[in-house]
Amino acid sequence: MKANSNMAGGSYGTKIADLYIVHNLAAVNGISRHTYHVMPPVGWMNDPNGFGEAFGKYHLFYQFYPYGPSWDSMHWGHYTTEDFVKWKLEPTALAPDGKEDGDGCFSGSSIVKDGKLYLFYTSVSADRQTQSLAVSEDGVHFEKLGVVITGDKLPKDCLKTDFRDPKVFRRGESYYLLAGARSERNEGMLLLYRSNDLMNWGFVGAVRRDDRTTRGIYECPDLVELGGEDVLFMSPQGYKTEDWRYENVQSSIYTVGKLDVGKGTFEMLSEDEIDGGFDFYAPQTLKTRDGRTVMIAWMQMWERSFPTAKHGWVGAMILPRELSLKGGKLFQRPIREIERYRWNHVCFRDVTLGTQNEFAKVNGNKIELCFTLDLGTAERVGVKLYRKDEHDARIYYDRKKDRVVFDRSRMGIEITHDAEEKDASVRSVKVDTSENLLKMHIFLDVSSCEVFLNDGERTMTGNVYSEGDGITFFAEGGSAKIVSLDKYDIVV
Ligand code: FRU
């Protein structure tokens, strides 16, 4: 492949973006900024893109608008990491400066072939969405190769306006690509394409077609093999709420089953929501060199107000998670490399809880908290985080409902939300409490809270905007006990 000016040092649009970043970094206000989560250097971040390994490092690209804290014409920002905790900002990878992508370089994925890193992304021009390719020989500078799948390769009843988020992967000698689409009858769809060379693609089939998505498509598909099964991830817009599941206006779900790449079908065994919190979207996975499956996702949600916008930035990624499958269910654990950044360990054992228990040195807002509760007879038992005066965020078990609840209604700031969303302040999930025990593993990072329940049986992720760093445990309406409690500061 011929090197052009792009390969030498980035396109016009990426150079302007990088200059803007350098000159505006100081204008971003540190209030609410995380310390060990990926954030945009300035401006706006949404979906993770192209999460993968190349040139001896892990790469994370992301939907990026540098010029303001709001969604606008999309670039691909770029970070690299060795350990999923410390991230290096790289030059902007893609800018919407081409004929076919002048209105945005939307989400997509990456793959390495013959020592080169290829990015598949959705090129947006006016209301037309097509799939495009860019390549890099050094993992830093990218050359656009143009559109590789146009709307002409869509099934006849699909709209050319909603065809996006290519996930490329290899099976045997062939390459495959999954993309979200929408039929004229408003059915959300996932389409499968096949190629031998990454450039020429043929349609194989619609892996999924249904009318549960009421306002759009299955965004951001991802596919991974876990425990001998295919696990398909996708983020449907407007998925209908089912009891405590799918309460956000856009959901992220996984389906376990078998993908038949010959027929273009997916035989589904089970399906569930990935995270039961407020702020989790568009996950992507990669396989590490030591065989782990690691997932990252956007730690925000569409159609809400963004309190950090006034500080010059919006959006972050979750702390990456290690995935496994047990009995057809997805389990998620925090990336183990975070343990290298633990400091100031304090621990307590066997403490009976009252209505208000505080522990020496158990406070802070950049911390890891791990505890097991004996639920006793209490009606409600749990913890208040980010506490200051009457403000806090609460995670607790509610016996009557038999749910774990994440309640951020008292954090002191109201997050406005879409009319279709019931609220943006309380979420709950059901977990196994058959032994009357509950394990919570919580990460706080200035304005985020990620909760892993029962070693990853379920997770709840949410942003919390509060100045407090107090931590109070409580049991109400009966007795309960802390079996064990460990707390670490996380210092990166
Ligand atoms: C999902 C999404 C994608 C799209 C991108 C645009 O969050 O809407 O479908 O490619 O964001 O930024």
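Arg-212 lies over the face of Tyr-239, 4.0 Å from the ring centre. A second arrangement of this kind involves Arg-33, which is placed over the face of Trp-313 at 5.0 Å from the ring centre. These descriptions, like those that follow, refer to a predicted model.

**Aromatic pairs**

Across the whole structure, a search finds 27 aromatic pairs. One of them is formed by Tyr-20 and Tyr-67, whose rings meet edge-to-face, with 4.8 Å from centre to centre and 70° between the planes. This pair links distant parts of the chain: Tyr-20 belongs to helix 2 (residues 12-24), whereas Tyr-67 is found in the loop between strand 2 and strand 3 (75-81), and the two are 47 residues apart. Tyr-20 is partly exposed because its relative accessible area, 28%, falls between the limits of 20% and 50%. Tyr-67 is likewise partly exposed, with a relative accessible area of 30%.

The pair of Phe-163 and Tyr-193 has ring centres 6.0 Å apart and planes at 40°, so the pair is tilted. Here too distant parts of the chain are linked, with Phe-163 in strand 9 (residues 158-171) and Tyr-193 in strand 11 (residues 188-195), 30 residues apart. Both Phe-163 and Tyr-193 are buried. Elsewhere, one aromatic cluster is made up of Trp-44, Trp-298, Trp-302 and Phe-306.

**The ligand and its surroundings**

The ligand is surrounded by 13 residues, and the closest are Asp-47, Gln-63, Arg-164, Asp-165 and Glu-219. Several strands contribute to this shell: strand 1, strand 5 (105-113), strand 9 and strand 13 (218-226) each supply at least two of its residues. Three contacts to oxygen atoms of the ligand are set out below.

| Residue | Protein atom in the contact | Distance to a ligand oxygen atom |
|---|---|---|
| Asp-47 | N or O atom in the side chain | 2.6 Å |
| Gln-63 | polar side-chain atom | 2.7 Å |
| Ser-107 | polar backbone atom | 3.1 Å |

On its own, the ligand has 320 Å² of accessible area, of which the protein covers 95%.

**An open sheet**

An open sheet of 5 strands has the order 4-3-2-1-19, and its pairing is mixed. Its edge strands are strand 4 (87-89) and strand 19 (313-314), each of which pairs on one side only. Within the sheet, strand 1 (residues 43-54) and strand 2 (residues 57-65) pair in the antiparallel sense over 7 bridges. Along this pairing, Pro-48 stands opposite Tyr-62 in strand 2. In general, the strands of a sheet pair through backbone hydrogen bonds, in either the parallel or the antiparallel sense.

The sheet and the ligand shell share an element, as strand 1 pairs with strand 2 and also supplies at least two residues of the shell.

**A serine contact in strand 7**

Ser-132 is located in strand 7 (residues 128-136). Ser-132 counts as buried because its relative accessibility is 2%, which is under the 20% limit. The side chain of Ser-132 is joined to that of Ser-123 by a polar contact of 2.6 Å.

Methods: Residues are numbered from 1 along each chain as its sequence is written. This is a predicted model: local features need pLDDT of at least 70, side-chain atom pairs count only at pLDDT 80 or more; totals for chains, interfaces and linings use all residues. Side-chain values use heavy atoms; hydrogens and water are left out. Two strands pair if DSSP finds at least two bridges between them. Helices (H or I, at least four residues) and strands (E, at least two) are DSSP runs, numbered from the N terminus. Rings of Phe, Tyr and Trp (its six-membered ring) pair if their centres lie within 6.5 Å; planes under 30 degrees apart count as stacked, over 60 as edge-to-face and the rest as tilted. Buried means under 20% relative accessible area, exposed over 50%, partly exposed in between (1.4 Å probe, protein chains only). A charge sits over a ring if NZ of Lys or CZ of Arg is within 6 Å of the ring centre and within 35 degrees of the ring normal. A residue is near a molecule or strand if one of its heavy atoms lies within 4 Å of it. A polar contact is a pair of N or O atoms within 3.5 Å; within protein, one must be able to donate a hydrogen and the other to accept it, and residues adjacent in sequence count only if both atoms are side-chain atoms. Accessible areas come from the Shrake-Rupley method with a 1.4 Å probe; for residues, only the protein chains shown count as cover.
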